[in-house]
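User: Please take a close look at the nonpolar side chains of this structure, from the surface to the interior.

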Amino acid sequence: MLRLYTNLLASRVLCAIPMNPRQRGFISAPGCSENSMLIQRVMKHCKKFRKDISVVLLDLAKAFDTVSHYHLRAGLERFGVDDWFIEIVVDLYTDASTKFHLESGITEDIPMTRGVKQGDPLSPQLFNIAMDPLLETISAEKNGFKWDSSGLQLESLCYADDNALLTEDPAEM
């Protein structure tokens, strides 16, 4: 029953919160293949026009396990989510715990003091909300790859916790 409830909450979050367009994880679009095609186009463009490009690939270690519950609340508030919805999410994580089934039996309750719940339908959206300030900060730096003189640029591509940062100048990285 809880899974059905959090699935409903997740669909509401998807409709209500505008995610950074560079975040392609956990959305209803071919995000990973889209990011791969964009990187490929950038590389071909640079080769054709003899432009420099620097790409740094980042994979955040234990990203889902280390999201601060405080950060989740702050992220929801940042997007202007109604207090009643924030309290529902906070309640889902307050006094949350997990157990492991081992050969020797079931462990004692292990408190979940950080991280998003594995397998919960709401967790991917909460993770994207937690990642959004990082993507916004990277975009605000304006150090990305510039396609031409129009000002169109690409600073990062993100698929959940996997990120590609792009710039023409390695010193800006």
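Analyst: Leu60 is partly exposed, with a relative accessible area of 31%; buried means under 20%, exposed over 50%, and partly exposed in between (1.4 Å probe, protein chains only). The model is predicted: local features need pLDDT of at least 70 and side-chain atom pairs pLDDT 80 or more, while totals for chains, interfaces and linings use all residues. Residues are numbered from 1 along each chain as its sequence is written, and side-chain values use heavy atoms, without hydrogens and water.

Leu60 sits in the loop between strand S1 (54-59) and helix H3 (63-66), where helices (H or I, at least four residues) and strands (E, at least two) are DSSP runs numbered from the N terminus. Together with Leu58 and Leu134, Leu60 forms a nonpolar surface patch of about 210 Å² accessible area. Such a patch joins nonpolar side chains (Val, Leu, Ile, Met, Phe, Trp, Tyr) within 5 Å, from residues with over 30% relative accessible area and no salt bridge, that is, no Lys or Arg side-chain nitrogen within 4 Å of an Asp or Glu carboxyl oxygen. Areas follow the Shrake-Rupley method with a 1.4 Å probe, and for residues only the protein chains shown count as cover.

In the interior, the largest nonpolar core (buried Ala, Val, Leu, Ile, Met, Phe, Trp, Tyr and Cys joined through side-chain atoms within 4.5 Å) has 26 residues, and Leu122 is among those with the most contacts inside it. Helices H1 (2-16), H4 (69-78), H5 (83-93) and H6 (123-140) each supply at least two of its residues. Another core, of eight residues, lies apart and includes Cys46 and Phe145. Cys46 is buried at 4% relative accessible area.

Note on methods: Patch = residues over 30% accessible without salt bridge, like charges linked within 9 Å, V, L, I, M, F, W, Y side chains within 5 Å.
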